[in-house]
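Trainee: Could you take me through a close look at a single part of this model, and then follow the connections of that part outward? I should like one continuous account.

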Amino acid sequence: MTRAELVEFMRGHVYAVEASVAASGAPQAAVVGIVVTDTLEIFFDTMDDSRKAANLRRSPRVAFVIGGTHAGDERTVQYEGIADEPQGAELQRLQALYFERFPDGRERQRLPGCIYLRVRPTWIRYSNFGVTPPEIVELNPEQLDGT
């Protein structure tokens, strides 16, 4: 699995399950529409009063699961990273990718409280249990540095 193949796999999925932690310590998860950059950043929108926004503003550590939702396709990506709210030119760069995939996002950005979150990876694990032996590839922080 090359980095380019990993990006291609991740981009093949429109949605991911995002997980964060509430102030109480309880886990919280949501399905979000995502785009993936060449450097493996994940970018999505949400409302500023959502649980995920509150959680990630308090503690920016986040996890995603991508894939594994279709019968017969046993490939998944487990992804951990740090979220932020990009501004200026960075936000515009990411929004351009986002609006390409989600044209309705242009309308949604006009909603009061619509915000954008970018996640930079700290650990990624690709698994394919549809082959023997299973293919498992992990990218640790050192391997992700400079993505």
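Mentor: Glutamate 41 is a suitable place to begin: its relative accessibility is 5%, so this residue counts as buried, the limit being under 20%. The model is a predicted one, and every value below is to be read in that light. Buried as the residue is, the side chain of glutamate 41 meets that of arginine 93 in a salt bridge, with 3.1 Å from N to O. The two partners come from distant parts of the chain, 52 residues apart: glutamate 41 lies in the loop between S3 and S4, and arginine 93 lies in helix H3. Arginine 93 has a relative accessible area of 33% and is therefore partly exposed. Such pairing has a simple basis: side chains of opposite charge can pair when their charged atoms come close.

The contact between glutamate 41 and arginine 93 does not stand by itself. Both belong to a network of salt bridges that also links Asp84, Glu90, Arg118 and Arg120. The structure as a whole holds 14 salt bridges.

The loop between S3 and S4 offers a further pair. Aspartate 38 forms a salt bridge with arginine 11, and the closest N and O atoms are 2.6 Å apart. Here again distant parts of the chain are linked, since aspartate 38 sits in this loop and arginine 11 in helix H1 (residues 3-11), 27 residues away. Aspartate 38 counts as exposed because its relative accessibility is 57%, over the 50% limit. Arginine 11, at 33%, counts as partly exposed.

Leucine 40 also belongs to the loop between S3 and S4. Its phi is positive, about 70°, although the residue is not a glycine. This deserves attention for a general reason: most residues other than glycine have a negative phi, and most peptide bonds are trans. Leucine 40 has 0% relative accessibility and so counts as buried. The loop thus holds the buried residues leucine 40 and glutamate 41, as well as the exposed aspartate 38.

From arginine 93 one may turn to the helix that carries it. Helix H3 covers residues 88-101, 14 residues, and reaches 20 Å from its first C-alpha to its last, close to the 20 Å expected at 1.5 Å a residue. Its buried residues are Leu91, Leu94, Gln95, Tyr98 and Phe99. Their spacing may be read with the geometry of an α-helix in mind: there are 3.6 residues a turn, so residues three or four places apart point the same way. What covers the buried residues of H3 includes strand S2 (27-33), strand S3 (35-36) and strand S4 (42-47). Helix H4 (105-108) and strand S7 (114-128) are likewise included in that cover. Strands S3 and S4, which bound the loop of glutamate 41, are therefore among the elements that cover the buried residues of H3.

Strand S7 leads to one last feature of the backbone. A cis peptide bond, with omega about -5°, joins threonine 132 and proline 133. Proline 133 is found in the loop between S7 and strand S8 (135-139).

Key. Residues are numbered from 1 along each chain as its sequence is written. This is a predicted model: local features need pLDDT of at least 70, side-chain atom pairs count only at pLDDT 80 or more; totals for chains, interfaces and linings use all residues. Side-chain values use heavy atoms; hydrogens and water are left out. Helices (H or I, at least four residues) and strands (E, at least two) are DSSP runs, numbered from the N terminus. The expected span of a helix is 1.5 Å times one less than its number of residues. Buried means under 20% relative accessible area, exposed over 50%, partly exposed in between (1.4 Å probe, protein chains only). Contact means heavy atoms within 4.5 Å. A salt bridge is a side-chain nitrogen of Lys or Arg within 4 Å of a carboxyl oxygen of Asp or Glu.
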